[in-house]
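User: Please examine the structure shown below and answer a series of questions about its salt bridges, strands, surface and cavities.

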Amino acid sequence: MQLLSGTAVAYSAVTGADGHARFTRVNPAHYGLAAERDGFEPARRDDLDLTGSAAVSLDLTLAPALARHESVEVSDKVSPLDEEHSAGGAGVPPQAVKELPGRPATVADALPMVPGVLRRPGGGLVISAAGEHRSAMVVNSADVTDPATGQFGLTVPIDVVESMNVYQTPFLAEYGRFTAGIVSVETRRGGDKFKWELNDPFPDFRIRSYHLRGLRDATPRLNLEGPLIEGKLYFSEGVDYIIRKTEVFELPFPYNEKKQQGVNSFTQLDWIASSTQLVTATVHAAPQRLDYANMDYFNPRPTTPQAGTKNYTGTLAHKWTLFGGILDDTFSFTRFDAQVWGQGQQDFTMAPQGNSGSYFAQQNRRASRIGWAPTYATASLHRLGTHNFKFGASLARSTDHGQIDERPVNLADASGQLLERITFAPGQGFHMHDAEFAAFGQDHWLLTPKLALDFGIRAESQQVSDALRVAPRAGIAWTPVARTGTVIRAGYGLFYDRLPLNVYSFAAYPAQTVSYFNPAGQLTAGPFLYQNQLGTVTARFPFVFQEQDPGNFSPRSATASIQIEQPVNAHLKLRAGYMRNRSDGLVLLNRVAPDPVTNTGTNLLTGNGQARYQQFEITARVRWSDTRQLFFSYVRSHARGDLNDFATFLGTFAVPILRNNQFGNLPADLPNRFLAWGLVQLPWGFRVAPLIEMRSGFPYSALDASQNWVGAPNSRRFPDFISVDSRFSKDFKVNPKYTVRLSVSSYNLTNHFNPEAVHPNEADPAYGFFFGQRGRFFTADFDVLF
C-alpha cells in the first residue's frame, strides 16, 4: 500500500497476513491511498485528510481482476509508447469539473471545457465547428445518439462518470459514424463501501430589488453506491431532479423565464462472475419538459414552442478473458420520444423588430435503436516488434415513427405589411426503418520502444442509403528522445457520418405553398407549391460503393493532424497540435425554382455539401494532485462551409425560412478562444475553482425585411467575449459521518459587456444594436456529503 502526495509515493507499507498495513510518523497533510495486489483490480482513495493528530483507520477492498494471460518479454526499459496511440484525445476530469461555477450536472454541461468544443447561443453543442448530428456519443461502448436527429439528448449525470474524452482525430478504426468528433464516456462502478452524497439539496430563490420573487431553480442530485454482494456485485445510482428557470435578459421580468423540468437517472450494476468475466448492466432514463423553448427578444413567450422529450437507454455488457485476449460484447437499446407544440392557433408572423403569433410546427415522433457490438482484443504478438490487434463489428436496427404538422407563416415589413405567406399541406405519418452494419480491424504496432504505428480499416453500411463505405486510417506515435518524454503523434483517415432517419422521413413532411405580395398587399408572385424530395448523388468516391437511388448520401471527412506533447516536469505537461478537416458529401436542403407552367418546385435534400475546418491548439495542464490542478488552452481555428445544413430545418425545433444556400463562415466559427479552469486546494480547508474564458464573438448575418441575407452571411460578429468566474467552497464536518460543503460562486467578475443579442435586420430602426448583458452576479449553495 502507498500514501501518495500528488503522483509521488510519500510512504509505503506491506500488508500482513491479516490484510492490515500501518503507516507511522506521517507528516500532517492531505494524501491519496493506493493499494495493489496481483490478480485484483487496483484500488485508490483520494483526498485523505491526515492533518489531525488522531489515528485514522479505513478500509480498501480489492475486487478480483479479469485475468489476461500472455507471455511477456522483460526489458530493463519500459516503452512510453506501449499504450500510446496516435489518437490523442482531450479528457476532462469529472471530479474537477464538478466544482466549477455553474455546477455542471451532465456530460453535455462539462464538454465546453474541452478545446474545440463550444456551446452555441441557442444551446446546442458543436465539435470542430459542426453540430451534434455530425458527431457521435458512446457511453460504455454503446451508441446513445438519437436515431432520428443524431442529437445527444439529455446526457448522463456527471456524478456517475469515471472518465470522458473527446476525440477530434481518432485514427483507430474502432471509432466510426461521425465526421467531426466522438465523445467517449465511461461510468463509475460502485465502491467497496456504501456511501451516499446529496448535492444542492435546497432550491435557489430569485431575489429582485431585495424582494423574494419565487423559485429560480432546484437541482438536487443524489448519488448512491456500494457492494450488494461483497467482492461480487456492485451497485451505483445517480439521479438528478431538475427545475431550472433561465432568465432571458433582453425581455422584461417575469415574462423572460425559460423553464426546464425533468429527471435524469443512471443506474449501474457490475457483477464479477469470475476472475475472467465481468458483466455490467446500465439503465439511463431522462424524461423532461421544456416550456418557452428558444425564447429570446425576437421570439417572446407566445411565439415559443413547448416540448416534452423522453430518453431511455439500457445496456448489457460482458467482458471475458479468452485465449489471452479480451472479448467484449455490448447489447444496447435506445429510445427517444419527442413532442413539440405551439401555444395557440395563430399564424406565426416574422417581422424585422420581432416575431408574433404562435409557433408554427407541431411534432410527435418516436425513434429507437437496438444494437449489438462485439469486439476482441488479442493477446500481444511479438513478431517484428509487438502487435496489439483488435477486431470488431456492430449490428443495429433503427426505427423512426411520427408526424409533422405546420401552420401558416407570414413575413411582414417594419410597418406590418405582408410581404410573403407560407402555408403547408397536411403532414403525413412516417414509418422509417434502417439496418446498419460495421466491421473493423486495427493493429497497434510497437516497432521499437520509441516508435509505434496504428493501421486500421473500417467498413460501414446503412440500408436506407444503399451504400457501403470503407474508411482506411493510419497513425504514428514517436518518442524521439525517451528521457525527455516527448511524444509526436500524427495521422490521416477517412470518416463517415451516420445519416439520421429524419433525412429519409423528409418526404412525409408538409409541402409548402409560397405567395409574395407588394406594399399594397396585392399578390405579385405565386402561389408556388414546393414538394419535398430526396436527391441522388451521381459523383463517385473511390471508397464508397453505392446505388444510383434517391437518398444515396455518404457524408464524409478526410482528417489529418499532427500533435506534440512534452512533459516539462512531474507537474506540468504541454501539448501543441494542428488539425485539418475536409468534409464533403454533406446533406443540404435547397430550393429548386418552380416550373413556370405548373408553378411547382421542390425542396430538395442533396448530398453535395462541403465544409472546411482548421484548428491550431496549445494546451497546458498543471497537476499537483486531484484537488490541485489547472488547465489552460488556446485554440486558433477557422470554419467555412455550406450553410443550408439539413439539421437546421429538420431538427426538433425547425425554422420556417429556407434561404438560397451560400458557402461562408459557419455559425460556430470562432477564430480565437482562450480557456483556463481548474481546482485549487487552499489553506484552512478552502478550495477555489476558477473559470476564465476569452474568445471572439460568434458570427451573425445581416437580414432584410424578407429575412434574406444582406451581403455575405455570418460576416459580422458579436463583440469579443470575456468572462471571469470562480467558486469558493469549504467543508464543515458536522459529525464523523456527515460533512456540509458551503460555496459561493461569482460570475463575470469584471462586468465585461457580453451581449446575448443583436438587432440584425436592416429594416429594424435599432439595426446593429447589441443588448442583453449579463452583469456581475453571485450565488450560494451547499452540499451534504456522507
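**Salt bridges, strands and cavities**

Analyst: In this predicted model, a salt bridge brings together the side chains of Arg774 and Glu756, at 2.2 Å from N to O.

User: How many residues apart in sequence are the parts that the pair Arg774 and Glu756 ties together?

Analyst: Arg774 lies in the loop between β49 (770-771) and β50 (777-785), and Glu756 in the loop between β47 (739-747) and β48 (757-758). The pair therefore ties together parts whose separation in sequence is 18 residues.

User: Is Glu756 buried, partly exposed or exposed?

Analyst: Buried residues have under 20% relative accessible area and exposed ones over 50%. The relative accessible area of Glu756 is 34%, so Glu756 is partly exposed.

User: Which residues do salt bridges that share partners join into one network?

Analyst: The network arises from salt bridges with shared partners. Its members are Glu99, Arg103, Arg687, Arg727, Asp731, Arg741 and Asp781.

User: Which residue forms a salt bridge with Arg134?

Analyst: The closest N and O atoms of this pair are 3.9 Å apart, and a salt bridge requires a distance within 4 Å. Arg134 is in the loop between β8 (130-131) and β9, while its partner, 363 residues away, is in the loop between β31 (487-496) and α3 (502-505). At 8% relative accessibility Arg134 counts as buried, and the partner is buried as well, at 4%. The partner of Arg134 is Asp497.

User: In the salt bridge of Arg582 and Asp584, which residue counts as buried?

Analyst: The side chains of Arg582 and Asp584 meet at 3.4 Å, N to O. Arg582 has a relative accessible area of 44% and is therefore partly exposed. At 14% relative accessibility, the residue that counts as buried is Asp584.

User: Which strands stand at the edges of the open sheet β5-β11-β12-β9-β10?

Analyst: The sheet has 5 strands in that order, with mixed pairing. An edge strand has a single partner, so one side of it is left without a neighbour in the sheet. The strands in this position are β5 (90-91) and β10 (142-143).

User: In β12, what is the bridge partner of Val139?

Analyst: Strand β9 (residues 135-139) runs parallel to strand β12 (residues 181-187), and 5 bridges join them. Across this pairing, the partner of Val139 is Val185.

User: How many bridges are there between β25 and strand β28?

Analyst: Strand β25 (residues 386-406) is joined to β23 by 15 antiparallel bridges, with Tyr376 opposite Phe391. The pairing of β25 with strand β28 (residues 430-448) is also antiparallel, and there His401 has His431 as its bridge partner. The number of bridges between β25 and β28 is 17.

User: Which residue in the turn of the hairpin of β24 and β25 has a positive phi?

Analyst: Strand β24 (residues 381-382) pairs with β25 in the antiparallel sense over 2 bridges, and His382 is the bridge partner of Thr386. The hairpin has 3 residues between its strands. The residue with a positive phi, about 55°, is Leu384.

User: What area does the nonpolar surface patch that includes Trp372 have?

Analyst: Trp372 belongs to strand β23 (residues 361-377) and, at 35% relative accessibility, counts as partly exposed. Leu316, Phe331, Trp372, Leu395 and Phe437 make the patch, and its area is about 460 Å².

User: How much space lies in the second largest cavity?

Analyst: The whole structure holds 11 cavities of 30 Å³ or more. The second largest has a lining of 17 residues, with Glu406, Phe506, Gln512, Leu589 and Phe649 nearest its centre. The space in this cavity is about 180 Å³.

How values were computed: Residues numbered from 1 in each chain as written. Predicted model: local features only at pLDDT ≥ 70, side-chain atom pairs only at ≥ 80, totals over all residues. Heavy atoms only, no water. Pairing = 2+ DSSP bridges. Helix = DSSP H or I, 4+ residues; strand = E, 2+ residues; numbered from the N terminus. Patch = residues over 30% accessible without salt bridge, like charges linked within 9 Å, V, L, I, M, F, W, Y side chains within 5 Å. Areas by Shrake-Rupley, 256 points an atom, 1.4 Å probe, with all protein chains shown as cover. Buried < 20%, exposed > 50% of the residue type's maximum accessible area, 1.4 Å probe, protein only. 1 Å grid on protein atoms, 1.4 Å probe; cavity = no way out; pocket = protein on both sides within 12 Å on 5 of 7 lines; lining within 4 Å. Points joined across faces, edges and corners; volume = space filled by probe spheres on them.
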